[in-house]
Amino acid sequence: MPAPGENLKINPDRLWDSLMEMAKIGPGVAGGNNRQTLTDEDGEGRALFQKWCEDAGCSMGLDQMGNMFAQREGADPDALPVYVGSHLDTQPTGGKYDGVLGVLSGLEIIRTMNDLGIKTKHPIVVTNFTNEEGTRYAPAMLSSGVFAGIHTQDWAYGRVDAEGKSFGDELKRIGWRGEEEVGARKMHAFFELHIEQGPILEAEGKDIGVVTHGQGLSWTQVTVTGKDSHTGSTPMPMRKNAGLGMARILDKVDEIAWSHAPHAVGAAGHIDVFPNSRNVIPGKVVFTVDFRSPDLSVIEDMEARLRVEGQKIADDMGLGIEFEKVGGFDPVAFDEGCVTAVRSAAERLGYSHMNLISGAGHDACWINRVAPTAMVMCPCVDGLSHNEAEEITKDWAMAGTDVLLHAVVETAEVVG
């Protein structure tokens, strides 16, 4: 199929204006956004997105998980659509670009095609997936997971937030529960543009990340039990310090991750210490070890070594220990054809680029199970994300969306 001409580019000012306009909905306290899934603010952002899509001549579909599908018709009514998108929900202290760039860049593609009168064989559908962040309702990528058959819809509807409100009830309350069966849509391909959420592209001075793989993830919850006792009056030989046991295990976690450098990582993000009093030696700690790698065998090795080494540390210290696998997903290899379309687009447009492995989960990781999929990444300042100070430049947004435009249009096949 012929590739689009190198002069085909988006309107960067219009894209940026859309990003800034969406950022006014659910403003954060420090310049970012708090537009958590299924809140009133989420509903308001959805309504604005729908208006923009309809103004661009798209029809809007809505499924039973609240996933939104804005379709620009193709010349062939039997051709499967090319999908492009991400998510509009944010972290409680989220930035203006994480997910949002991926959705609004899809809208900008449609607007640009309208401006230039470009027609494609395949329809193009811009998608907003519900609850990618997983902050209010765990797990992350919940609705794309239902779409791909990873989770059942009933299970997803039963997820509850910190106030005990269910996903299903809140989806209905804000008025964004559709009738369409989740996952019934078939895709010719799916593309997702996202900020890197890491420092590599900026450090390497590259405009574009061509995402070839997504890291797999393993969460193991570890519970270490010792004995609560007074920090001042308990002799050192008589202590059963669960906190010290955790410290030694976390040092081992770091060592295990380093042994698989450079692509493996490991740490504990969630830690609870009991009783968490200044003058009481911890009698119990509960923490979750997060291991990630693009290689499944590496993840399995890290999991196994955590259990063996953790057990030995606990035994040597006279502590009890329990391990529970509480989450995870296998590494993702994105479709070679779609990845090539992204790389070729960057080369055609003269943007510097490099291969990347995504360190975070994205909707594309689940959609890859049911359709040929690829991701495009642009830099973000200092690699900072999930933070209100998250920042990108207009030029970075433009480059990523230009590449996305070319990859999508080429895959959707220009006609006429």
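How far is the sulfur of Cys58 from the closest cysteine sulfur, and which residue holds that one? I started my notes there. Reminder to self: this is a predicted model.

**Entry 1: cysteines**

I looked up Cys58 and found its closest cysteine sulfur in Cys53, 5.5 Å away. A disulfide here needs the two sulfurs within 2.5 Å, so I wrote this pair off as too far for a bond. Cys58 is buried, at 8% relative accessible area. I then tried Cys380, which is in no disulfide either: the nearest cysteine sulfur belongs to Cys378 and sits 7.3 Å off. Cys380 is buried too, with a relative accessible area of 0%. The tally for the structure is zero disulfides.

**Entry 2: the annotated site**

Next I pulled the UniProt record, an unreviewed entry, which puts the feature "binding site" at His87, Asp98 and His194. These residues are spread over 108 residues of sequence, yet they cluster in space, and the largest C-alpha distance I have for them is 9.9 Å.

I took Asp98 to begin with. It lies in the loop between strand S3 (82-86) and helix H3 (100-116). Is Asp98 buried or exposed? Buried, as its relative accessible area is 4%. Setting aside residues up to four places away in sequence, I noted that Asp98 touches both other annotated residues, His87 and His194. Its contacts also include Asp89, Glu133, Ser385, His386 and Glu390.

Then His194, which belongs to strand S6 (residues 189-195). His194 counts as buried, at 1% relative accessibility. Beyond its neighbours within four places in sequence, His194 contacts His87 and Asp98, and among the others are His362, Met375 and Cys378. I also checked how the side chains of His194 and Asp98 meet: a polar contact of 3.0 Å joins them.

**Entry 3: strand S7**

Met375 turned up again when I went through the pairings of strand S7: it is the bridge partner of Val211, in S16. S7 covers residues 208-214, and six of its seven residues are buried.

I listed its partners one by one:

- With strand S15 (residues 353-358), S7 pairs in the parallel sense over six bridges; Val210 stands opposite Asn355 there.
- With strand S16 (residues 373-378), S7 runs antiparallel, joined by three bridges.
- With strand S14 (residues 332-333), the pairing is antiparallel over two bridges, and Gly214 faces Val332.

**Cross-note**

Met375 links two of my entries: it is in contact with His194 and is the bridge partner of Val211.

Notes. Residues are numbered from 1 along each chain as its sequence is written. This is a predicted model: local features need pLDDT of at least 70, side-chain atom pairs count only at pLDDT 80 or more; totals for chains, interfaces and linings use all residues. Side-chain values use heavy atoms; hydrogens and water are left out. Buried means under 20% relative accessible area, exposed over 50%, partly exposed in between (1.4 Å probe, protein chains only). Helices (H or I, at least four residues) and strands (E, at least two) are DSSP runs, numbered from the N terminus. Two strands pair if DSSP finds at least two bridges between them. UniProt positions are given in the numbering used here, feature names are shortened, and annotations may be inferred rather than shown by experiment. Contact means heavy atoms within 4.5 Å. A polar contact is a pair of N or O atoms within 3.5 Å; within protein, one must be able to donate a hydrogen and the other to accept it, and residues adjacent in sequence count only if both atoms are side-chain atoms.
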